[in-house]
Protein chains: 2
Amino acid sequence: MGSDQKMRIKEWLKENRARGTRLLQILVQEGSTRGNESGAQAIVIEKCRQLGMNLDIWELDGDELSKHPAFFCDRKDFTGNPNVVGVLKGTGGGKSIVLNGHIDVVPVGDEKYWGDDPFSGRIQSGRLYGRGSTDMKGGTVAMLMAIEAVNALGFRLKGDIIFQSVIEEESGGAGTLAAILRGYRADGALIPEPTNMKIFPKQQGSMWFRILVSGKAAHGGTRYEGVSAIEKAALVVEKIQELEKLRNQKISDPLYKTIPIPIPINIGKMVSGQWPSSVPDQAVIEGRMGVSPEETMEQAQKEMEACIENLNQLDEWFSLHPLKIEWFGARWIPGRIDEEHPLVKVLKESFQAVKNTAPVVEASPWGTDGGLLSTIANVPVVVFGPGITVTAHDANEHIELEEVFAASEIIALTLMEWCGAAD
Amino acid sequence: MGSDQKMRIKEWLKENRARGTRLLQILVQEGSTRGNESGAQAIVIEKCRQLGMNLDIWELDGDELSKHPAFFCDRKDFTGNPNVVGVLKGTGGGKSIVLNGHIDVVPVGDEKYWGDDPFSGRIQSGRLYGRGSTDMKGGTVAMLMAIEAVNALGFRLKGDIIFQSVIEEESGGAGTLAAILRGYRADGALIPEPTNMKIFPKQQGSMWFRILVSGKAAHGGTRYEGVSAIEKAALVVEKIQELEKLRNQKISDPLYKTIPIPIPINIGKMVSGQWPSSVPDQAVIEGRMGVSPEETMEQAQKEMEACIENLNQLDEWFSLHPLKIEWFGARWIPGRIDEEHPLVKVLKESFQAVKNTAPVVEASPWGTDGGLLSTIANVPVVVFGPGITVTAHDANEHIELEEVFAASEIIALTLMEWCGAAD
């Protein structure tokens, strides 16, 4: 690709920045929490139509999907909230790409922590605010504007672009799974989740566990007659921390070199006891286990189960009142692509061309739909996008507009290189 | 008192055991949880009337009571659920006694753990089942049958008997406080709480605390960016356990010699976190602090506050995000009487006469209304009764009928000796 083409893409994005910003704003204003995705999808559909894409809009079939082993979803009804795929056929002879973004956003949480309406789309000091701005409507707009730039400038690509706006990423990936089972495949895939412009060839997977700890009730005044489930739960937490340490010691991948705990095990919740004057007879611990890109979900699961079983054998109380572990809720399969894969190479070069500096390449600390695409569909996936994780699920979520358009430019250059520009 | 009198009391109680059992049964069947005390009080009132007592039946005045520093009660409305006091005037020249029992019972808890209706009053293998049987309607019936035995046998006492059936013991003692403020005093008081026939000249007090622990939220995949409130709460639990140890090391009273932890601090509840994939940013710990009969509530409170303040100073995180402690809910003032007090002596001798063995004398592991009577009204109190603590607040609460009537006999002998039989 010539520097002239690059320059035209940069110029076009600059000229059309207000339109792109407005697109992001209305997308954020259409708050698309779980079960309420249709309004935002309608905006995406209209944009795809304007871009001349072949549209495929369908509702997920829960009964059908539930037969698949990678369906981890407790949603029963998908009526009225479709998945959207828009395909731009290439002229042929090039490599195809899936551009995947999720339209669902996490709940706003306690509104009192927001300085404003959580779906305001307010712009201030170069930032756009609102739930979903960073995670990941900013990324979706970056993709759509990249496609539009290429289109508008009259560049024709050899490979197909398969743009996907899916539901359910935040709850385990049923939307992307449905797109895979519908047959969508490509030579590579890009998911612009909020990586803070880092390139993530590998993504950590994760799954949720629940551990039930038994104690023995007694009056608080004779607490020595009982067994405190809180004290016993502390042993479980300690044991899990040991397991986390052991698992992380085994990780030598340089992609993790700056990450303090590559695959953390997070204890997110603990509930025990009902009455100040009683010895608590049960504790429930819930957490998230990080899964390395180099292992399967099953391997990680077995390590945790062995750890709990070990505690059941070592501790006298647990040997009589064994801990129980359950795996529940959503899970995200880890994903990986070789760091030398041509898609990573093209993306790195595009980044260098736009930013005049080398990108940071790391492993992601969280799962994305990339795990499903790479594991189930065998599509090489790289995750790269604007927005920063730290604001993603928090109050006052926002995104730097500058980065949205820098990402858009990088994606446009990547499309040109990867799919190949026809003469 | 002659052995003939003792024998007649024993005989009378044997002959009237079926009636006493029936009284306990209907009292248990009138489940008198908080706010529903009137049905059981009606049975008590009728019994007092039959015994020829001067009845004083009144509803607590929450507004008036709330001015008293020992009123620890969140109940707003006492309408329709009265306190009951029945007085039998003595012939004069003897010592008076308060016989105090509470009519309120704790909630039944989860009914699935009960083998039967929680208010069945079922009798099986010499035990009577139901919420309140042990705590403490068995004790109330033991008192009433003791009074009836003395009456029926024509013994006239010199001192007054002030029988009290109070509400609210389980929630901080507002019923007994009201009886004190109404002017009832005596030379001694007996409370037949379920001591398993042990004599408790001292009673542990207690109060509830709540500690708020701050953490810092973060995504579980980058948990090193957050501060886990669960991990910080573990430090608080550890520190409280140290305080418990220090406080108990100071206790040398021989009454505590067989008790593993004389004044425990029980952590009864811990709630932290909302989401498996997030680092929890708050934890709430609730517990019960035991108060020694040799200290005041304020002294105990200050020790706990100093312990928390100390942790706030030592721990870097807490120095910036200090722990907060609140005192809430009910409290029970500790109580004590000298082990050589004549009332204890009379009770011990009565026990010996009935049981042909010396009683166990200990300090109680929980508070009773005795703390209010001894501290606020300056009435020497001893706690002694049938029933065992371990079933008191649990499912399938029950009492050994044999012990109810043994206690009744011991109380009858105590009345004869303490109040003095007129010629």
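Mentor: A nonpolar core is a set of buried Ala, Val, Leu, Ile, Met, Phe, Trp, Tyr and Cys residues joined through C-beta atoms within 7 Å. Keep in mind that this model is predicted.

Trainee: What average pLDDT does chain A have?

Mentor: Start with the whole complex: the predictor gives an ipTM of 0.84 and a pTM of 0.85. In chain A, 100% of the residues score at least 70. The chain A average is a pLDDT of 95.

Trainee: Which residues touch the most other members of the largest nonpolar core?

Mentor: That core holds 228 residues. Its best-connected members come from chains A and B. They are I97(A), V382(A), L415(A), I97(B), V382(B) and L415(B).

Trainee: Take I97(B). Which residues is I97(B) in contact with, leaving aside neighbours within four places in sequence?

Mentor: One contact, L415(B), is also on the list of core residues that touch the most other members. Others include G159(B), I161(B) and I162(B). The complete set is G159(B), I161(B), I162(B), A186(B), D187(B), G188(B), A189(B), L190(B), L415(B), W418(B) and C419(B).

Trainee: Now chain A. How many residues of strand β3(A) are buried?

Mentor: β3(A) covers residues 97–102. I97(A), L99(A) and G101(A) point one way, V98(A), N100(A) and H102(A) the other, and all are buried. The strand is largely enclosed by the rest of the structure, because the buried count is six of the six.

Trainee: Which residue of β6(A) stands opposite N100(A)?

Mentor: β3(A) and β6(A), residues 161–166, pair in the parallel sense over six bridges. N100(A) lies in that pairing, and its opposite number in β6(A) is Q164(A).

Trainee: And which residue of β7(A) stands opposite V98(A)?

Mentor: β7(A) spans residues 189–191 and runs parallel to β3(A), with two bridges joining them. Across from V98(A) is A189(A).

Trainee: Which strands stand at the edges of the open sheet β4-β5-β16 of chain A?

Mentor: The sheet has three strands in that order, with antiparallel pairing. Each edge strand has a single partner strand, so one side is left without a neighbour in the sheet. The edges are β4 (123–124) and β16 (398–400).

Trainee: Which residue of β5(A) is the bridge partner of Q124(A)?

Mentor: Two bridges join β4(A) to β5(A), residues 127–129, in the antiparallel sense. For Q124(A), the partner in β5(A) is R127(A).

Trainee: On to domains. Which element gives the largest share of the side of domain 1 of chain A that touches domain 2 of chain A?

Mentor: Domain 1 is 3–203 + 334–419, and domain 2 is 206–331. Their centres are separated by 35 Å over C-alpha atoms. Contacts involve 14 residues of domain 1 and eleven of domain 2. On the domain 1 side, three residues come from the top contributor, β14(A).

Trainee: Which element gives the most to the side of chain B that touches chain A?

Mentor: 40 residues of chain B contact 40 residues of chain A. Elements giving two or more residues to the chain B side are β9 (205–214), α7 (229–249), β10 (265–272) and β11 (282–291). By class, that side has 17 nonpolar, 19 polar and four charged residues. With seven residues, the leader is β10(B).

Trainee: Which residue of β10(B) stands opposite S272(A)?

Mentor: Here strands pair across the chains: β10(A) and β10(B) are antiparallel over three bridges. S272(A) faces M270(B).

Definitions and conventions. Residues are numbered from 1 along each chain as its sequence is written. Chains are lettered from A and ligands numbered from 1 in the order in which they are written. This is a predicted model: local features need pLDDT of at least 70, side-chain atom pairs count only at pLDDT 80 or more; totals for chains, interfaces and linings use all residues. Domain bounds come from an automatic or database domain assignment. Two residues are in contact if their C-beta atoms, placed from the backbone, lie within 7 Å. Helices (H or I, at least four residues) and strands (E, at least two) are DSSP runs, numbered from the N terminus. A residue is buried if 20 or more other C-beta atoms lie within 10 Å of its own, exposed if 12 or fewer, and partly exposed in between; C-beta atoms are placed from the backbone. Two strands pair if DSSP finds at least two bridges between them. pLDDT is the predictor's confidence in each residue, from 0 to 100. Ala, Val, Leu, Ile, Met, Phe, Trp, Tyr, Cys and Pro count as nonpolar, Asp, Glu, Lys and Arg as charged, and the others, Gly among them, as polar.
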